[in-house]
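Trainee: I would like a close look at a single part of this structure. Please take me through one pocket, step by step.

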Amino acid sequence: MEKVLGVDIGGTKIRMGIIAADGTILHEEQVPTVIPLYPYLEQHVIRMLIKEPEIASIGIGTHGFVDPKEGKIIYAAETLPGWTGTPVKEWLELATGRRVEVENDANAAALAEAKFGAAKGYGRVVVLTLGTGLGGGIIWDGKLLSGGPHGGAAELGHMILHPNGVQCACGRHGCNEMYVSGTALRRRIKEAGLPYSPPELFEKAKTDSAAREVVEGFTADLAVVISSLQAAFDMDIVIIGGGVSEAADLWMDSLQRQLEPVLLNPLQIEVAQFENDAGILGAALLVLEGE
Ligand SMILES: [Zn+2]
């Protein structure tokens with residue numbers, strides 16, 4: 001069976017997996033992210049190829065804005081210094097003699113959910129990952145909607161939800177991720193003067209009205225985000241992942257109630273199936289696709 005290498009590059013660690021065509025992870029390992037990144041990445045990829053010479057191609061999901069056609073990093077300055085401008089596909093194909101494809105990490109993770117995970121079998125899928133920020137991915141008739149002249153397609157975290165709202169890291173005000181993410185939830189809890197962590201908040205909301213109010217504010221904003229995306233994409237299904245999704249059984253009813261008045265059409269909402277493995281599986285799918 002065909003084997004590929006999936007590489008998931010984050011700000012603190014790089015995960016690598018040797019993956020079979022059916023999505024089975026045959027071997028997996030993790031190394032810390034080291035700057036300068038490119039020579040270090042090449043060294044580890046070649047080490048994996050020596051370990052498993054049958055690897056036919058290499059998929060890379062990386063933090064930052066990516067031009068997936070050229071396989072080049074458009075922007076990743078703060079988290080991965082020196083990574084901006086790196087022609088990863090060109091250099092790594094030259095170094096390995098294998099086909100290489102590069103994508104944004106959130107997009108790659110979305111692809112994993114669409115093909116192997118909670119949205120398996122659906123053609124039009126929106127994945128929202130509620131973690132430190134709000135990551136996202138859109139699968140359109142089975143393909144990733146990504147790239148663009150600035151590599152910024154499907155940057156769902158930076159759609160403006162509240163004009164003149166909380167300032168975002170992108171420099172503008174009121175972006176989705178300032179209201180709908182794990183970080184945003186922590187800020188909402190603090191603003192409400194509550195002493196809870198996000199998991200505690202969801203638990204307390206059963207009995208404490210102040211906690212419930214924070215949860216309702218959060219799910220109301222998430223509902224508006226989903227509603228706007230439905231108007232643009234009319235997707236079959238929305239997958240919600242990231243840390244916040246771990247407590248989904250405690251807030252899903254609230255979200256469903258908030259969705260009722262704002263959805264144009266019925267819509268299926270599911271929780272992501274993969275946590276850690278989505279990155280390497282999605283990266284692998286970049287090269288398992290279209291062969
Ligand atoms: Zn923003």
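Mentor: Keep in mind that this is a predicted model. Let us take the second largest pocket, which has a volume of about 360 Å³. Its lining is made up of 17 residues, and those closest to the centre of the pocket are Pro68, Glu103, Leu144, Ser146 and Leu286. Next, consider the elements behind this lining. Strand 7 (99-104), strand 10 (143-144) and helix 8 (278-288) are the elements that give two or more residues to the second largest pocket. Strand 7 provides the largest share of the lining, with four residues. As for chemical character, the lining of the second largest pocket holds seven charged residues, six nonpolar ones and four polar ones.

Where does the second largest pocket lie with respect to domain 1 and domain 2? Domain 1 covers 3-109 + 276-288, and domain 2 covers 121-271. The second largest pocket lies between the two domains, because both of them give residues to its lining.

For completeness, here is the metal site as well. The zinc ion has four protein donors, namely ND1 of His158 and the SG atoms of Cys168, Cys170 and Cys175, at 2.1 to 2.4 Å from the ion. Along the sequence, these donor residues follow the spacing H-x9-C-x1-C-x4-C. The angles among the four donor atoms run from 102 to 118 degrees, and the site of the zinc ion is tetrahedral. Of the donor residues, Cys168 and Cys175 are among those that can be described further: both are buried.

Note on methods: Residues numbered from 1 in each chain as written. Predicted model: local features only at pLDDT ≥ 70, side-chain atom pairs only at ≥ 80, totals over all residues. Heavy atoms only, no water. Donors = N, O, S within 2.8 Å, 3.2 Å for Na, K, Ca; no water. Tetrahedral: all angles 85-135°; square planar, octahedral: opposite > 155°, others 65-115°. Buried < 20%, exposed > 50% of the residue type's maximum accessible area, 1.4 Å probe, protein only. 1 Å grid on protein atoms, 1.4 Å probe; cavity = no way out; pocket = protein on both sides within 12 Å on 5 of 7 lines; lining within 4 Å. Points joined across faces, edges and corners; volume = space filled by probe spheres on them. Nonpolar A, V, L, I, M, F, W, Y, C, P; charged D, E, K, R; others polar. Domains from an automatic or database assignment.
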